[in-house]
Amino acid sequence: MSGIDRPRIEAAVAEILAAIGEDPSRPGLESTPSRVADSYAEFFAGIGRDAAAELGEPVPLEQGHQADTVLLRDIEFRSVCEHHLLPFLGVAHVAYLPGDSVIGLGRIPRAIEILASRPQIQERLTEQIADTIEQGASARGVLVVLDAAHSCVTTRGARQSGSTTVTVAARGAYSDPVVRAELIALIGRGVK
């Protein structure tokens, strides 16, 4: 697992349980600090990792050829909001306009997983995904749309259980509003 300090997390969780009036040693809670440490190791496994490296080496296209739009829809992700340390869950849609090479389709979800696996805010995550793909793929254009439900909105405060947040980042050729609108229409249409 990641380089987290498990004993420190376990002690902190036990202290939180005591602070809310619970007995951290009672049956049902006695293993909670260890389970939270396991969860945190998974949730924050992206800290210190380079998401661009996960894209691997681009695959050159045939000389003189350029590919058109590559669109991956409904890439599931989860992250933890840095404001409340509560999860947010959603889907990412990523379009890129290759230069003279393409990247493996399975590598994009892996890069998203690394970026999402650290304390985050959705707005920054959207920008980081776009930057990573633009640079790692030498793309002529990138569009990233994230649609996520935030526990800090759905379970506390406003308690808007049906709401989601949508963020968009566009780079290069996809910064053009008309092109961006066409791609967003493709994402929403469920092209088969």
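Visitor: Over how many bridges do strand β2 and β3 pair, and in which sense?
Guide: This is a predicted model, by the way. Take β2, residues 70-81, and look at how it runs against β3. The two pair in the antiparallel sense, and the count of bridges is 9.

Visitor: Which residue in β3 is the bridge partner of R78?
Guide: We've just seen that β2 covers residues 70-81 and pairs with β3. So let's start at R78 and step across to β3, residues 87-97. The bridge partner there is L89.

Visitor: Which residue takes a positive phi in the hairpin of β2 and β3?
Guide: Look at the stretch linking the two strands, where 5 residues sit between them. One of the residues in this hairpin has a phi near 55 degrees, and that's a positive value. The residue is L85.

Visitor: Over how many bridges do β3 and strand β6 pair?
Guide: β3 pairs with β2, and it also pairs with β6, residues 141-150. This pairing is antiparallel too. For one example, Y96 has V142 as its bridge partner in β6. The count for β3 and β6 is 10 bridges.

Visitor: How many residues of strand β3 are buried?
Guide: β3 pairs with β2 and with β6. The strand has 11 residues and is mostly covered. The number buried is 8.

Visitor: How many salt bridges does a search of the whole structure find?
Guide: Side chains of opposite charge can pair when their charged atoms come close. Among the cases here, R6, E10 and D38 are linked in a network. The search of the whole structure finds 10.

Visitor: How far apart are the closest N and O atoms of E127 and R171?
Guide: These two form a salt bridge. The pair links distant parts of the chain, with E127 in helix α5 and R171 in strand β7, 44 residues apart. Even so, their closest N and O atoms are separated by just 2.4 Å.

Visitor: Is R171 buried or exposed?
Guide: The cut-off for buried is under 20% relative accessible area. R171 comes in at 14% relative accessibility. Because 14% falls under that cut-off, R171 counts as buried.

Visitor: Which residue forms a salt bridge with R171 at 2.9 Å?
Guide: Look again at helix α5, because the pair links R171 in strand β7 to a residue of that helix, 40 residues apart. That partner is partly exposed, with a relative accessible area of 28%. The residue is D131.

Note on methods
Residues are numbered from 1 along each chain as its sequence is written. This is a predicted model: local features need pLDDT of at least 70, side-chain atom pairs count only at pLDDT 80 or more; totals for chains, interfaces and linings use all residues. Side-chain values use heavy atoms; hydrogens and water are left out. Buried means under 20% relative accessible area, exposed over 50%, partly exposed in between (1.4 Å probe, protein chains only). Helices (H or I, at least four residues) and strands (E, at least two) are DSSP runs, numbered from the N terminus. Two strands pair if DSSP finds at least two bridges between them. A salt bridge is a side-chain nitrogen of Lys or Arg within 4 Å of a carboxyl oxygen of Asp or Glu.
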